[in-house]
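Reader: Hey, got a minute to walk me through this one? I'd like to start with the sheet.

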2 protein chains.
Amino acid sequence: MSQPNRTELIILKILWEEAPLSARELQEKVGPKLDWSFSTTRTTLSRMVEKSILKTEKKHGVRVYLPAQSKARTLSTVMKDFFESVLEIDGPVPTAAFYESKMLTREEWDELNQYLNGEQDRD
Amino acid sequence: MSQPNRTELIILKILWEEAPLSARELQEKVGPKLDWSFSTTRTTLSRMVEKSILKTEKKHGVRVYLPAQSKARTLSTVMKDFFESVLEIDGPVPTAAFYESKMLTREEWDELNQYLNGEQDRD
DNA sequence: ACATGTATGTTACACGTGTAACATTGTCAA
DNA sequence: TTGACAATGTTACACGTGTAACATACATGT
């Protein structure tokens with residue numbers, strides 16, 4: 001499972017809040033904001049499924065999409081990659097600095113911190 | 001001037017430490033590590049000049065390369081982009097959390113913080 | 001002046017990504 | 001059952017990026 005790129009992250013963020021959603025439902029949420037056509041949304045979804053970033057299933061005869069991994073899991077990977085490659089921080093990442101981000105609840109930060117920093121360095 | 005991508009950042013990091021360097025000198029530093037051929041290094045350099053990420057001049061009859069912007073300036077942009085698009089942090093970024101990164105000196109962090117957070121929120 | 005080895009210019013090609021259209025199949029109401 | 005609209009499948013195309021080869025120009029020692 002490769003990492004999501006920026007546009008894929010936008011889709012993921014929506015699905016982490018409410019999943020599963022159909023392509024049509026997703027389009028209603030991102031289309032206007034990103035100025036995407038329905039086709040574009042669908043292509044992006046297909047590619048995310050190919051990459052195993054999303055899972056998909058049939059619900060009431062319609063294909064719906066849902067994230068393959070939790071928000072904390074995914075973001076921990078994205079953050080680790082960023083901190084390593086950009087800031088060259090190899091050891092523990094000071095996640096506490098970001099608790100104010102609305103992206104994750106305190107519990108999710110704890111989970112993310114587990115992935116990133118293992119057992120130690122908690123709070 | 002567009003943002004550097006990951007490989008371009010590798011080049012920049014070297015040039016921030018010692019610049020200007022010729023393509024050959026750069027190659028000696030990154031080639032083995034990245035497993036790049038001289039051609040690859042040169043192509044990357046050319047593209048960085050096109051994008052105005054690097055400046056170039058003739059020194060003793062040889063073309064040399066140097067960063068167009070300071071480390072702090074560049075990293076502030078990269079970090080801002082990351083925090084906004086991934087963590088959706090719009091306000092001040094808690095740069096203090098990263099002082100331990102060897103990437104920047106304390107002075108450079110101060111400079112970066114200026115770019116990122118303006119006058120307020122200084123230490 | 002010429003050869004030989006660097007330096008530079010030009011071109012290539014595959015894959016990812018943004019962005020989308022066109023074609024076909026399925027479903028539900030009348 | 002058929003028509004209309006929604007869902008899904010297939011294909012496209014340009015640009016960025018990783019990765020590099022080939023060709024040409026230049027400089028330096030003999």
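Author: Sure. One thing up front: two strands count as paired here if DSSP finds at least two bridges between them. And keep in mind that this is a predicted model.

Reader: Okay, so how many bridges join β2(A) to β3(A), and do they run parallel or antiparallel?

Author: Six bridges join them, and the two strands run antiparallel. Within that pairing, A:K58 sits opposite A:R63 of β3(A).

Reader: What's the strand order in the chain A sheet?

Author: The order is β1-β3-β2, in an open sheet of three strands with antiparallel pairing. β1 (21–22) and β2 (54–59) of chain A are at the edges with a single partner strand each, so one side of each has no neighbour in the sheet.

Reader: Which helix packs on that sheet?

Author: Helix α1 of chain A, residues 6–17, which touches β1 and β3 of chain A. The direction of α1 makes about 95° with that of β3(A).

Reader: Switching to the DNA. Which residues come nearest to strand D?

Author: There are 17 residues around DNA strand D, and A:R24, A:R63, B:T7, B:S39 and B:T43 come nearest. A:R63 is the residue opposite A:K58 from before.

Reader: Which element gives the most to that surface?

Author: α3(B), with four residues near DNA strand D.

Reader: And how does the surface divide by residue type?

Author: Three nonpolar, 10 polar and four charged.

Reader: Last one: how is chain A divided into domains?

Author: Domain 1 covers 6–67 and domain 2 covers 71–117. Their C-alpha centres lie 24 Å apart.

Definitions and conventions:
Residues numbered from 1 in each chain as written. Chains lettered and ligands numbered in written order. Predicted model: local features only at pLDDT ≥ 70, side-chain atom pairs only at ≥ 80, totals over all residues. Domains from an automatic or database assignment. Near = placed C-beta within 6 Å. Nonpolar A, V, L, I, M, F, W, Y, C, P; charged D, E, K, R; others polar. Contact = placed C-beta atoms within 7 Å. Axes fitted to C-alpha atoms, helices over the stretch in contact; angles between N-to-C directions.
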